[in-house]
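Open your viewer, show the chain as a cartoon and keep the selection box handy. We will go from stop to stop, with a short note on what to look for at each.

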Amino acid sequence: MPHSRRILTCAIAAAAVTAGFVLPSGATAAAPPGTTSDFNGDGYADLAVGVPDGTVDGRAKAGYVNVVWGGPKGVGAHGSIRVTQATPEVPGSPEAGDRFGASVALTDLNGDGIAELLAGVPGEDVTDRGTDAGMVIAVGGSTSGPGPASTVLTGPSPSAAYGTSVAADHLTGGDNKAIVIGGTDKVVARVIQGEDSMVTTVVAAPMGGRAPVLTTGDFDSDGTPDLAVAYWTAVEHNTQSHVRLWKWDADRAEMVNFWNTDNAGVTALAAGDFDSDGHDDLALGECREIADENIDDPCGPEKLAKGGGIHLHYGSADGGSFGTRTQSLNQDTAGVPGVAEDGDRFGAALAVADVNRDGRDDLIAGAPGEAIASQAGAGAAWLLRGGARGLLDAGGAATSVAWNQDTPGVPGVAEANDSFGAAVSSADYNAKGGPDVTVGSPGENASLGAAWLLPSGSADGSAAFSPRTLGLPYLTTAQKYGKPLNSH
């Protein structure tokens, strides 16, 4: 049956000011730049694991989010909580196919030092909106457990599927963050303005039934984060394939497009300063050319897209245009362990962190289709080091390390269809001053799923955790735990 409890029905009109959405804590404190993923206020970064295929109260794929606590031993050793639509004050109720947790983010929306949880629910049925209209929910964090929650936005019509993707950042340069929501063939942004907020459509275009890919970074070097959106569809005579950058225009009170690359279909995006020149760069993961028009090579040389490639557009250090300098790599690139093979899906998941704390961001890349020995689809992940010229040196070589479940020190055994590397994330989970890495493996244990902690980006001391080890219910079902992951 359609949900009606606590679901807001704010009009979705470009640049329309609407009331109703209030930050879950009720606070509107000024937020400094940066983010935190500390959901329980104990000083440690936490990890949000979306489990949209999870069963809740006997309802298949109602979905839940598992917030895994950080602590002196990182994540996985200090317990966790399960947040569902049965959690007190969370809007709606668990129903089959809701897929609560299809997208997740832990981010401090209001600057009070404690993160809120953003959870996408693309299968939500909404009264007066229809089946699978979708929604995004914000759940407040606190030292005593999940706090009050609010509906950020609901989809406007059947199958709008709002919540397939979500992101948040200071896109307007103001105190509070804008929340960006992906749905079917659409991306919208809700800009928080005290007790009111503004909803504006960022882009509406055919997206091939896929969730639009979102990330943020300061790509024009003006001191305010911008939004990167990727989407693609391959339909004869109607191919739409883009990576597009958008910025806030205060005069027009909307997001405006200022940079594009066409014909590139990507699965993941990540922003970081890989060459430490003070300008954000953009990594395109599992980049492939959709329209073979031989005009722009949007992912670099075609041979470097085999098995999945990573294509990088660099920020300009000399006042030039963003993205003019590029690099491309795959598993056939010198310094990248492995061999490029069809179906590897190298770059299907991306995350950024300065793991070795040398002042240059590193790129964490997953390849869930990678075969390990004879085990097809066992999966792997790489840490690609940043350097003076970015991820590749002057000779075109990378510096990197790879992990899989057969890597010495990494728990488990590489098995077919584990999909290790289907999701990756990073944060300082043990508060020792440097980032750690987490890797999801939703195919582990007959698709029960699991995640791995690699402290300081190393196999040494690594540990695995899963619904079984965390004491979560419904251990016999295929929950596909480990995708998505998000920490900040």
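Strands here are DSSP runs of E with at least two residues, and they are numbered from the N terminus. With that naming, a loop can be placed by the strands on either side: Ala161, for instance, lies in the loop between β8 and β9 (165-169). Please keep in mind throughout that this is a predicted model.

**The whole chain**

Start with everything selected. The chain has one helix and 30 strands. Of its 488 residues, 58% are buried. The exposed surface comes to about 17,400 Å², with carbon and sulfur atoms supplying 47% of it. Among contacts with a separation of 6 or more, 57% are between residues 24 or more positions apart.

**Stop 1: Ala161**

Now select Ala161 and check its backbone. Its phi is near 55°, a positive value in a residue other than glycine. Most residues other than glycine have a negative phi. Is Ala161 buried or exposed? Ala161 has a relative accessible area of 11%, so it counts as buried, the cut-off being under 20%.

**Stop 2: β7 and its partners**

Next, select residues 135-140, which form strand β7. Six of its six residues are buried. In a regular strand the side chains alternate between the two faces of the sheet. Colour the two sides of β7 separately: Met135, Ile137 and Val139 are buried on one side, and Val136, Ala138 and Gly140 are buried on the other.

Add the strands that pair with β7. Strand β6 (residues 116-121) runs antiparallel to β7 and is joined to it by six bridges; here Leu118 stands opposite Ala138. Strand β8 (residues 149-154) is also antiparallel to β7, with five bridges, and Leu153 in β8 is the bridge partner of Val136.

**Stop 3: the nonpolar cores**

Show side chains for Phe274, Ile310, Leu312, Leu350, Leu363 and Leu384. Within the largest nonpolar core, which has 24 residues, these touch the most other members. Which strands each supply at least two residues of this core? They are β18, β20 (309-313), β22 (349-353), β23 (362-367) and β24 (380-384). Then move to a second, separate core of 20 residues, which includes Ala189, Met207, Val229 and Tyr231.

**Stop 4: His279 and Ser221**

Select His279, in the loop between β18 (268-272) and β19 (281-289). His279 counts as buried because its relative accessibility is 17%. Its side chain makes a polar contact of 2.6 Å with the side chain of Ser221, and also reaches the backbone oxygen of Ser316 at 3.1 Å. Leaving aside neighbours within four places in sequence, the residues in contact with His279 are Ser221, Asp273, Gly315, Ser316 and Ala317.

Shift the centre of view to Ser221, which sits in the loop between β13 (213-217) and β14 (226-233). Ser221 has a relative accessible area of 34%, so it is partly exposed. Look at its backbone too: phi is near 60°, a positive value in a residue other than glycine.

**Stop 5: the disulfide**

How many disulfides does a search of the whole structure find? The search finds one. Select Cys287 and Cys299 to see it, with an S to S distance of 2.0 Å. Cys287 is in strand β19 and Cys299 is in the loop between β19 and β20, 12 residues apart. The torsion about the S-S bond is about -70°, so the disulfide is left-handed. Cys287 is buried, with a relative accessible area of 2%, and Cys299 is buried at 6%.

**Stop 6: an open sheet and a cis peptide**

Finish with the four strands of an open sheet, which follow the order β4-β3-β2-β30 with antiparallel pairing. The edge strands are β4 (80-83) and β30 (485-486), each pairing on one side only. Four bridges join β3 (residues 64-68) to β4 in the antiparallel sense, and Val67 has Ile81 in β4 as its bridge partner.

For a last selection, take Lys483 and Pro484. A cis peptide bond joins them, with omega about 5°. Most peptide bonds are trans. Pro484 is in the loop between β29 (463-465) and β30.

Definitions and conventions
Residues numbered from 1 in each chain as written. Predicted model: local features only at pLDDT ≥ 70, side-chain atom pairs only at ≥ 80, totals over all residues. Heavy atoms only, no water. Buried < 20%, exposed > 50% of the residue type's maximum accessible area, 1.4 Å probe, protein only. Polar contact = N/O pair within 3.5 Å; in protein donor to acceptor, adjacent residues only side chain to side chain. Contact = heavy atoms within 4.5 Å. Pairing = 2+ DSSP bridges. Core = buried A, V, L, I, M, F, W, Y, C linked by side-chain atoms within 4.5 Å. Areas by Shrake-Rupley, 256 points an atom, 1.4 Å probe, with all protein chains shown as cover. Disulfide = S-S within 2.5 Å.
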